[in-house]
Amino acid sequence: MKLSRIILVLALTLGMVTQIYAAQNNPFELAADVIEYDSASGVMTGQGSVKLTQANAVMTGSNVQYNTKTKEAHVTGGVKLVQDNAVMTAEELLSYDNNHIIATGGVELVQGQNTLTGPQLDYYADKAYAVINQSAQLTMPDGVMTANKIEAYLNDNQVTGTGNVHLVSETRQLDATSEQAHYYGAKGETGKVILSGNARAVQEGNVLTGNKLTLYLEDKAVNAQGRTKLVIQPQ
């Protein structure tokens with residue numbers, strides 16, 4: 001199971017947003033069919049084929065409003081954010097104090113062959129924390145993780161999935177479910193995933209169930225705690 005890779009993809013795609021905020025002190029360029037700026041209020045608006053460029057990040061949409069005093073931004077109409085090989089699309093994007101962004105409406109983050117989707121993504125730059133609170137899905141070539149809620153703590157290299165967690169890898173013949181999943185990506189060491197709450201893992205026909213299962217990613221070892229049941233299929 002390459003769950004470590006699944007989580008890494010999540011970190012990379014959200015890292016795109018991090019980089020944009022890291023570049024927030026760089027000048028940005030606004031192009032649109034119509035641009036208005038009120039120096040008294042600090043409100044700048046762009047309408048029609050909006051294009052915002054800052055460092056190596058480019059955001060497009062139909063309309064944008066940005067208040068230079070409150071640092072609040074609102075972009076609507078098929079928002080698309082491109083940086084390096086990562087692309088985020090959404091119907092709408094709000095930004096507060098150059099720190100908290102809310103992307104809504106069929107949010108999709110794509111990097112290479114990997115895709116993270118959900119109806120809304122919240123990201124807090126100061127905490128390096130991101131959350132999708134509903135119907136979150138992370139798809140990669142050899143696996144899919146879905147959960148009611150996915151949280152990413154980027155500085156700590158940790159990800160939590162809560163509610164109806166489901167991991168599927170056809171390549172690795174693995175199907176696992178639980179109420180909650182915690183991923184710990186130890187730097188320079190082997191990472192692990194802890195499935196808790198009615199945990200169940202099926203691989204190559206063998207079934208392991210328990211209240212808490214710990215999956216060690218590199219050596220494929222599993223540690224079970226609490227009352228556990230293992231069913232092995234004869235070879």
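**Notebook: the tyrosines around Tyr 153**

I began with Tyr 153, which is partly exposed, with a relative accessible area of 29%. I note that the model I am reading is predicted.

I next looked up how many aromatic pairs there are, and the count comes to two. Tyr 153 pairs with Tyr 129 in one of them: the centres lie 5.2 Å apart, and the planes make an angle of 45 degrees. I record this pair as tilted because its angle is neither under 30 degrees nor over 60.

I then checked where the two partners sit. Tyr 129 belongs to strand E9 (residues 129–132), and Tyr 153 belongs to strand E12 (residues 149–153). The pair thus links distant parts of the chain, with the two positions 24 residues apart in numbering.

Is Tyr 129 buried or exposed? I find a relative accessibility of 16%, so Tyr 129 counts as buried, the cut-off being under 20%. Tyr 153, at 29%, lies above that cut-off and is therefore entered as partly exposed.

I also looked for further members of this group. Tyr 124 joins Tyr 129 and Tyr 153 in one aromatic cluster. At Tyr 124 I found a charged neighbour: Lys 127 lies over the face of the ring, 5.8 Å from the ring centre.

Finally, I noted the setting. The protein has one helix and 17 strands. It has 235 residues, of which 42% count as buried. Of the contacts with a separation of 6 or more, 33% join residues 24 or more positions apart. The protein exposes about 12,100 Å², and carbon and sulfur atoms supply 47% of that area.

Definitions and conventions: Residues are numbered from 1 along each chain as its sequence is written. This is a predicted model: local features need pLDDT of at least 70, side-chain atom pairs count only at pLDDT 80 or more; totals for chains, interfaces and linings use all residues. Side-chain values use heavy atoms; hydrogens and water are left out. Rings of Phe, Tyr and Trp (its six-membered ring) pair if their centres lie within 6.5 Å; planes under 30 degrees apart count as stacked, over 60 as edge-to-face and the rest as tilted. Helices (H or I, at least four residues) and strands (E, at least two) are DSSP runs, numbered from the N terminus. Buried means under 20% relative accessible area, exposed over 50%, partly exposed in between (1.4 Å probe, protein chains only). A charge sits over a ring if NZ of Lys or CZ of Arg is within 6 Å of the ring centre and within 35 degrees of the ring normal. Contact means heavy atoms within 4.5 Å. Accessible areas come from the Shrake-Rupley method with a 1.4 Å probe; for residues, only the protein chains shown count as cover.
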